[in-house]
Amino acid sequence: MAVRSQEFPAVTNLEQPASVLPAGRSLYLEVFINDVSTKLVGNFIEMPDGGLAAAPQELKEVGLKPPEDIADAGGLVRLDQLADVSFRIDEVAQRLYVTAANDSREARMVDLGLRLQDRPAPQSGLGAVLNYSLFASSNTLFDKDVELFQGVSGGFDARVFSPYGTLSQSFIAGYSDGRLGGFTRLNTTWSYSDPDRLMTYRAGDFISGGLSWTRPVYLGGIQAQRNFHLRSDLVTLPLPSFGGTAAVPSTLEVYTQNVRTYSGDIQPGPFQVTNLPVFTGAGQAQVVLRDSLGRETTATLPFYASSMLLRQGLLDFSVEAGMARRNFGISSDDYDGRVIGVASARYGVTDRLTLEAHAEGGADLINGGIGAAFPLGAYGAASLAVAGSHHDRRTGSLVDASVEFGYDGWAINAHMQRAFGGYEDIASMTAEPVLDPDDFTRFSAGVPRAVDQVTLSVPMPIDFSSFNLSYTHLKSAEGENSQIVGLSYSQAIFKRSTLYATAFADLDDDSSYGVFAGISIPFNDDISASTGVEQGPDGLNVTADLAKSERAEDGSIGWRLRTSEGEVPNRSAAVSYRAPFARFEAGAQQFDKDFRVTGQMDGAIAVAGGGVFATNRIDDAFAVVDVGTPDVEVLHQNRPVGRTDSKGRILVTGLNSYELNTVSIDPKNLPVDADVPATKETVVPADRNGVVLKFGVSEAAQAALVTLVDSSGTPLEAGLSGRVDGGTEDFVVGYDGQAYIKGLGKQNSVQVERADGGSCRAEFPFEAARGRQVVIGNVVCQ
């Protein structure tokens, strides 16, 4: 393996096992190509006839391209067998000088991709969370024949978490007419994620996996699924790459969408830039080569990145089995009763080809299909899939195609799907149609016979503007047609304001259309205003909206005023307040002659870290931060979130599962004699878990700033280490002999290791002084 020349001394005659290397001298030489140092030392073998050989990988690492299949029995390639390559050895200087044409050189790889981070292992705590959302509304306030109080409804989401996974249960319930009622179970699911294998396992209620041309369904059963979200630093898209050649030592700069993403030195010869950081869609990269005289060569390279594609070697899949669930949110336990199975998979064969496969079946249904996704040069991507089914002695097929294209500000996305014969899937087989009172089908889950979708984004000559067109055609399983066209336009004006207009129409229904135009103006202090005009089947309406956004911090207040004036007036006002333990909102609404008031409360109760906390909703992970002292400000991702309570604890919400989260404390309110082991902690919580972070701050620290001197009164040199007798923690001597020593008693003895290999000892008394730093000067170490 080649190493940096400054990291490894040049050595000859290094002994190697005979089983590894053939007979001959082993030479470690600094490699120069075309008289320019590669700053690498390579391992070469001097053959008995005076030739020079090396392993193929060794040649690649030092910048030479070995031909295929010319290695000898020992797995070595002779340098005199390389085309357009000559060499000479300067044995005194331990250098190898190679002259090679560009075609014989291995391109230097410049990898701009994100490295998989060395992160802490995910932490799983033990505890529980109950999220709740309570809503109350009055009946109309001006009808004396109706009771004022309508009732209270609530949505609840409970979960218990542990190192063995997370068990969640959600439900809705209500209270009216003096009694509880309306209880409906939603989800009951246990899940466990394995970030090392990028797998998530579920049992209970879940949505099946699928592909862009399949229809996922709600199942009650078991699931095993690839989960790339467990590593947020893992890029699954194929990223663009390009190559070039530098004639002289140069500086390489790469710009993506006019933002510099790389700058570094390039030695003469070929280079390859890989894993260019991009976003999905069309874009451009600029490559700038600048030599020592300032001469520049610039190349503009278009690219297109699409979520249709997977990087080479990546496998994405989902496998599940269970019973289809029906009437979710209406019925607690309506399952189809027939066991079915589903399997979906995507595999990146190369960066330019992703294969797809899907199969589902059970209860006399067999359904399967295959597909492929591929790029369209540097300007787009496309996918094509076919599927077939057999159910109840009927067969059918499905064809699906999609295309994405982007060039010079233009963007088009098109999708087409056709179903033929008796094509069925699990959704159509298990769902029950919804009938109106006349027994006509009002809703059907049958596979649509035809789906066509096209969206077009058009570049505009005016900056900060956009214009989009869309067309959707749907032919249902019953043969009903719907064709909807739409357009939208937006234009930034006055720096931060936006002028916008949208319109849509159903070409098969003259009574279905709408036009809306307005302006949105942001102000300071999170206040914004908007006004507009809308025209539809119900006539002309003029709307106005004035709102202040509520911030995600305790004590924040938000409010909103809205009116829609037309044939039927619709006016509303609301105000919200975010307390440390819950969020409250009160509102009033007038619709025509009906006037009512509403109230809402959202919050959570968490049990973790040995405490019970009332807080705002916890939809993801959280941390119980134990600082050890009260009234200390705590920050999450450098954003203040609150102060510790009388017990020195605070619950911090908003952490992201399986991502790096930084929680820190501001020590400015701590007394000067406080012992602060750390002010920042980085944690990776597991799925919707609660973790405990202990900073271990002690206000009455048994510590002092001690100045250590030798027998002549000269301060000990900086960098020495020592330890208190009977202690477990070393201290370091700083400038002027000062050392911050912890774990002190009334009488102390310390030993300091000297730079000459010897040691010295010092003794001194200590007495704590609450509220100030204890300083002990001129302690003799001898």
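This briefing describes the overall form of one protein chain and then some of its individual contacts. The structure is a predicted model. The protein chain has two helices and 55 strands, and its radius of gyration of 35 Å is well over the 28 Å that the globule rule gives for 782 residues, so the chain is more spread out than a compact globule. The model holds one disulfide, and the count of salt bridges comes to 36.

**Overall form**

- Taken along the principal axes, the C-alpha atoms of the protein chain fill a box of roughly 100 × 80 × 60 Å.
- Of the 782 residues in the protein chain, 39% count as buried.
- The protein chain is divided into domain 1 (25-106), domain 2 (120-145 + 550-699), domain 3 (189-237 + 306-424), domain 4 (242-305), domain 5 (458-544) and domain 6 (704-780).
- The centres of domain 2 and domain 4, taken over C-alpha atoms, are separated by 45 Å.

**The disulfide**

- A disulfide is a covalent bond between the sulfur atoms of two cysteines.
- In this model the bond is formed by cysteine 760 and cysteine 781, whose sulfur atoms are 2.0 Å apart.
- The torsion about the S-S bond of cysteine 760 and cysteine 781 is about 100°, and the disulfide is therefore right-handed.
- This pair links distant parts of the chain, 21 residues apart: cysteine 760 belongs to strand β54 (residues 759-765), while cysteine 781 lies in the segment after β55 (775-780).
- Cysteine 760 is buried, because its relative accessible area is 4% and the buried class covers values under 20%.
- Cysteine 781 also falls in the buried class, with a relative accessibility of 2%.

**Salt bridges**

- Arginine 25 and glutamate 91 meet through their side chains in a salt bridge, with an N to O distance of 2.9 Å.
- Arginine 25 lies in strand β2 (residues 25-33) and glutamate 91 in the loop between β6 (85-90) and β7 (95-100), so this salt bridge ties together parts that are 66 residues apart in sequence.
- Arginine 25 is partly exposed, at 25% relative accessibility, and glutamate 91 is partly exposed as well, at 41%.
- Another salt bridge joins the side chains of arginine 197 and aspartate 194, at 2.9 Å from N to O.
- The two partners fall in separate accessibility classes: arginine 197 counts as exposed at 57% relative accessibility, whereas aspartate 194 counts as buried at 11%.
- Aspartate 316 and arginine 346 form a salt bridge through their side chains, with 3.9 Å between N and O.
- That pair links distant parts of the chain, 30 residues apart, with aspartate 316 in strand β21 (residues 315-325) and arginine 346 in strand β22 (residues 335-350).
- Arginine 346 is buried, its relative accessible area being 14%.
- Salt bridges with shared partners also join Arg185, Asp205, Arg325 and Asp333 into one network.

**A nonpolar surface patch**

- On the surface, Tyr379, Phe405, Tyr407, Ile412 and Val454 form a nonpolar patch, and together they have about 410 Å² of accessible area.
- One member of the patch, tyrosine 407, is found in strand β26 (residues 394-407).
- Tyrosine 407 counts as partly exposed because its relative accessibility is 47%, and the partly exposed class runs between 20% and 50%.

**Distance in sequence and in space**

- Leucine 301 and glutamine 286 are 15 residues apart in sequence, and their C-alpha atoms are 6.2 Å apart in space.
- Leucine 301 has its place in strand β20 (residues 296-305) and counts as partly exposed at 28% relative accessibility.
- Alanine 363 and tryptophan 410 are 47 residues apart in sequence and 47 Å apart in space, from C-alpha to C-alpha.
- Alanine 363 sits in the loop between β23 (353-362) and β24 (365-375), and at 32% relative accessibility this alanine counts as partly exposed.

How values were computed. Residues are numbered from 1 along each chain as its sequence is written. This is a predicted model: local features need pLDDT of at least 70, side-chain atom pairs count only at pLDDT 80 or more; totals for chains, interfaces and linings use all residues. Side-chain values use heavy atoms; hydrogens and water are left out. Patches are made of residues with over 30% relative accessible area and no salt bridge: like charges are joined within 9 Å, nonpolar side chains (Val, Leu, Ile, Met, Phe, Trp, Tyr) within 5 Å. Accessible areas come from the Shrake-Rupley method with a 1.4 Å probe; for residues, only the protein chains shown count as cover. A salt bridge is a side-chain nitrogen of Lys or Arg within 4 Å of a carboxyl oxygen of Asp or Glu. Helices (H or I, at least four residues) and strands (E, at least two) are DSSP runs, numbered from the N terminus. Buried means under 20% relative accessible area, exposed over 50%, partly exposed in between (1.4 Å probe, protein chains only). A disulfide is a pair of cysteine sulfur atoms within 2.5 Å. Domain bounds come from an automatic or database domain assignment. The radius of gyration is taken over C-alpha atoms; the globule rule is 2.2 Å times the number of residues to the power 0.38.
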